[in-house]
Amino acid sequence: MENVFTLVAILVLLELFEAYFQRADTLYGIMEKLNVWYQKSIFAFFLIHPSFYFVLFVVVMTNVLNMYMILILVFKVFDLFYKIELIKTIFIKQEIPVDLSAMLEWKIPQWFFLLGVGLYPPLLFYALM
């Protein structure tokens, strides 16, 4: 039980780290920040998402792969590859659809970046219980 709380606390810290690095006023600002890491190296881009690797570590360490853990992994993988596709569309191909260009300028509230902190740790807690 103590290990569960420790693992959940570590995930909270990693999610806060990711929220700090991705925080911006608009979706375009987020994509600009992520593009800097992507242009350095795809590995650098993946390194600024440590919670994904931590969840993989927890799966291997605890040998738990239930519905909650799979849900976390699916959300994390979708998030990573959706960001990569947005970076490719916006900065590499530079073919931005009209509806996407409108979305890129939307103001993002600051609490939005804490959604990962509110979603993934409870799911991890349920997965390990």
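Biologist: Where is Phe75 found?
Modeller: Phe75 is found in helix H5; a helix here is a DSSP run of H or I with at least four residues, numbered from the N terminus. This is a predicted model, where local features need pLDDT of at least 70, side-chain atom pairs count only at 80 or more, and totals for chains, interfaces and linings use all residues. Residues are numbered from 1 along each chain as its sequence is written, and side-chain values use heavy atoms, with hydrogens and water left out.

Biologist: Is Phe75 buried or exposed?
Modeller: Phe75 counts as partly exposed because its relative accessibility is 33%. Buried means under 20% relative accessible area and exposed means over 50%, with partly exposed in between (1.4 Å probe, protein chains only).

Biologist: And which residues of H5 are buried?
Modeller: There's a whole run of names, including Met69, Ile72, Leu73, Lys76, Leu80, Lys83, Ile84 and Leu86. Further along H5, Ile87, Thr89, Ile90 and Phe91 are buried as well.

Biologist: What covers the buried residues of H5?
Modeller: The cover includes helix H1 (2–22), helix H2 (27–40), helix H3 (42–47), H4, H6 and helix H7 (115–128). H5 itself takes in residues 67–93. After H5 comes Gln94, which has a positive phi, near 55 degrees.

Biologist: OK, zooming out. How many helices and strands does the chain have?
Modeller: Seven helices and zero strands. The C-alpha atoms fill a box of roughly 50 × 30 × 25 Å along the principal axes. Of the 129 residues in the chain, 42% are buried.

Biologist: How confident is the predictor, by mean pLDDT?
Modeller: The chain has a mean pLDDT of 92, and 99% of its residues reach 70 or more; pLDDT is the predictor's confidence in each residue, from 0 to 100. By element, helix H4 (residues 50–62) has the highest mean, at 95, and helix H6 (residues 98–104) the lowest, at 84.

Biologist: Switching to charges: how many salt bridges are there in the whole structure?
Modeller: The search finds three, taking a salt bridge as a side-chain nitrogen of Lys or Arg within 4 Å of a carboxyl oxygen of Asp or Glu. Side chains of opposite charge can pair when their charged atoms come close.

Biologist: Which residue does Lys76 form a salt bridge with?
Modeller: Its partner is Glu15, and the closest N and O atoms are 2.3 Å apart. That pair links distant parts of the chain, with Lys76 in helix H5 and Glu15 in helix H1, 61 residues apart.

Biologist: Is Glu15 buried or exposed?
Modeller: Glu15 is buried, with a relative accessible area of 5%, and Lys76 is buried with 5% too. Leaving out residues up to four places away in sequence, Glu15 touches Ser51, Lys76, Gly116, Val117 and Tyr120, where contact means heavy atoms within 4.5 Å.

Biologist: Which residue forms a salt bridge with Asp79?
Modeller: Lys83 does, with the closest N and O atoms 3.0 Å apart. Both lie in helix H5, four residues apart, about one turn of the helix. Asp79 is partly exposed at 27% relative accessibility, whereas Lys83 is buried at 7%. Glu85 also forms a salt bridge, with Lys88, and there the closest N and O atoms are 4.0 Å apart. Glu85 and Lys88 are about one helical turn apart, because three residues separate their places in H5.

Biologist: Last one: what is Asn35 in contact with?
Modeller: Setting aside neighbours within four places in sequence, Asn35 contacts Ile87 and Phe91. Asn35 sits in helix H2 and counts as buried, at 12% relative accessibility.

Terms used. Helix = DSSP H or I, 4+ residues; strand = E, 2+ residues; numbered from the N terminus.
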